[in-house]
Amino acid sequence: MNYMSKTILVTGASGLVGTAIRKIAPLYGYKFVFSGSKDCDLTNYEQTNAYFNKERPDIVIHLAACVGGLYKNMNNKVQMLEQNLLINFNVLKCCHNIGVHQCICVLSTCIFPDKTTYPIDETMLHNGPPHFSNDAYAYAKRMMEIHCSAYNEQYGTNYSCIIPCNIYGPNDNYSLEDGHVIPSLIHKCYLAKQQCAPFEVRGTGAPLRQFIFAQDLAILILSCIDRLKREMLIVSPSEEYSIKDVATMIAREYSYEDKIVFNSTYSDGQYKKTANNAKLIEIFPEFKFTPIEEGIRESVDYFRYNYSNPNCRK
Ligand code: GFB
């Protein structure tokens with residue numbers, strides 16, 4: 001079966017990574033079907049089964065998930081668990097129902113054990129409980145890895161899981177409460193500058209994170225289609241930055257560095273989740289990650305340019 005005839009269904013296609021894949025899709029010879037929550041409610045089994053039977057993809061890139069930053073995870077554990085368990089169960093079961101041989105699912109480095117040695121690698125996923133702040137989300141995602149392995153063992157499918165670090169980029173969720181750290185701070189610094197107010201960063205600023213630009217992740221996901229065989233793969237640059245570093249880079253884009261204040265009444269969440277990308281570098285030795293300063297500049301420009309669009313600041 002050559003490229004031209006393969007149909008790829010991308011779930012969660014209107015999100016951060018989905019829109020990045022849409023942007024580069026014309027460069028790849030596949031036929032793409034981009035589905036968002038408006039096309040199919042993946043928490044509903046019958047609807048998902050009917051939709052998969054209609055589209056009949058050969059390959060599925062499963063991005064759809066109920067996601068959010070630290071504070072959304074801490075305050076919405078039931079939703080984070082139930083929504084993700086339902087979505088992932090339905091997608092994998094419907095993949096099997098229509099004979100999809102290959103599926104690429106997306107986990108996150110936050111689902112690894114909290115009490116562990118660093119850096120974390122793919123073999124350590126189930127070695128202990130995740131951090132309490134996102135345990136509900138983490139266990140739902142871990143169950144998807146178990147579900148993939150079960151299908152692979154019993155039916156010989158090629159269902160793999162990629163494990164990105166914190167993702168950021170254009171078309172993110174800029175919610176002041178539910179967003180991840182970079183989009184939330186991009187929105188907060190914008191408002192602080194407008195109101196000549198302090199730029200408040202939650203927590204102490206000390207925690208460390210690895211960040212991948214959504215466009216880089218999109219390229220690596222499509223490049224994994226012919227490379228992954230029933231396996232897990234951490235997808236992350238090596239560099240780690242403190243929340244203070246990231247807040248300073250964002251404020252610099254607004255020429256607002258001297259207005260940063262830290263509010264340590266807010267949780268810091270997990271101190272770090274340093275991931276080992278040796279396997280990724282082995283598979284893609286030539287891959288060049290977008291420098292974070294450049295990624296943040298593009299993300300701030302996107303936000304400023306789209307701020308007038310209400311969807312951008314919900
Ligand atoms: O991206 P984030 O929300 O989630 O980053 P995690 C949280 C870190 O940024 C914490 C600090 O150390 C926060 O104290 N921070 C400072 C802020 N200001 C802000 C702010 O205004 N908003 C937010 N959100 N953080 C998530 C998991 O963990 O990682 C998710 O909970 C997912 O499930 C995601 O896996 C990738 O990196 O802590």
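## A tour from the paired strands outward

In strand S5, cysteine 161 is the bridge partner of cysteine 105. Select both to start. The model is predicted, so local features need pLDDT of at least 70 and side-chain atom pairs count only at pLDDT 80 or more, while totals for chains, interfaces and linings use all residues. Residues are numbered from 1 along each chain as its sequence is written, and side-chain values use heavy atoms, with hydrogens and water left out.

**Stop 1: S4 and S5**

Select strand S4 (102-106) and strand S5 (158-164). Strands (E, at least two residues) and helices (H or I, at least four) are DSSP runs, numbered from the N terminus. S4 and S5 pair in the parallel sense, over 5 bridges. Pairing requires that DSSP find at least two bridges between two strands.

Now color S5 by burial. Buried means under 20% relative accessible area, exposed means over 50%, and partly exposed lies in between (1.4 Å probe, protein chains only). In S5, 7 of the 7 residues are buried. One side carries Asn158, Ser160, Ile162 and Pro164. Tyr159, Cys161 and Ile163 sit on the other.

**Stop 2: S1 and S2**

Select strand S1 (7-11) and strand S2 (31-35). They run parallel, joined by 5 bridges. Pick isoleucine 8: its bridge partner in S2 is phenylalanine 32. S1 is largely enclosed by the rest of the structure, because 5 of its 5 residues are buried. Thr7, Leu9 and Thr11 point one way, and Ile8 and Val10 point the other.

**Stop 3: helix H2**

Move to helix H2 (45-55). Thr48, Asn49, Tyr51 and Phe52 are buried there. They lie on the same side of H2, because they cover an arc of only 165° around the axis. That arc is taken from the directions from the helix axis to the C-beta atoms. Turn the helix over: Glu46 and Lys54 are exposed on the face turned away from the buried side. The cover over the buried residues includes S1, S2, S3 and H4.

Zoom in on the start of H2. A side-chain oxygen of asparagine 44 comes to within 3.0 Å of the backbone nitrogen of glutamate 46. Then go to the other end. Arginine 56, just after H2, takes a positive phi of about 40°. This residue lies in the loop between H2 and S3. Arginine 56 is partly exposed, with a relative accessible area of 45%.

**Stop 4: helix H4**

Select residues 77-97. Helix H4 has 21 residues, which should span 30 Å at 1.5 Å a residue, and its end C-alpha atoms are indeed 30 Å apart. The expected span is 1.5 Å times one less than the number of residues. Its buried residues include Met80, Asn84, Ile87 and Val91. Among the elements covering them are H2, helix H3 (70-75) and helix H5 (135-155). Just past H4, find glycine 99, with a positive phi of about 75°.

**Stop 5: the largest nonpolar core**

A nonpolar core is a set of buried Ala, Val, Leu, Ile, Met, Phe, Trp, Tyr and Cys residues joined through side-chain atoms within 4.5 Å. Which members of the largest one touch the most other members? Of its 37 residues, they are Phe52, Val60, Leu92, Cys95 and Tyr159. H2, H4, S4, H5, S5 and strand S10 (232-235) each give two or more residues. H4 gives the most, with 6.

Center on phenylalanine 52. Leaving aside neighbours within four places in sequence, its contacts (heavy atoms within 4.5 Å) include Leu9, Val60, Val91 and Cys95. Apart from this core lies another, of 33 residues, among them Ile8, Leu16, Ile221 and Ile225.

**Stop 6: the loops**

- Glycine 68 is in the loop between S3 and H3. It is buried, with a relative accessible area of 9%. Its C-alpha atom is 5.5 Å from that of aspartate 178, 110 residues apart along the chain.
- Serine 133 is in the loop between S4 and H5. It is buried at 1% relative accessible area. Its side chain makes a polar contact of 2.7 Å with that of histidine 131. A polar contact is a pair of N or O atoms within 3.5 Å; within protein, one must be able to donate a hydrogen and the other to accept it, and residues adjacent in sequence count only if both atoms are side-chain atoms.
- Proline 119 is in the loop between S4 and H5. A cis peptide bond joins it to tyrosine 118, with omega about -5°.
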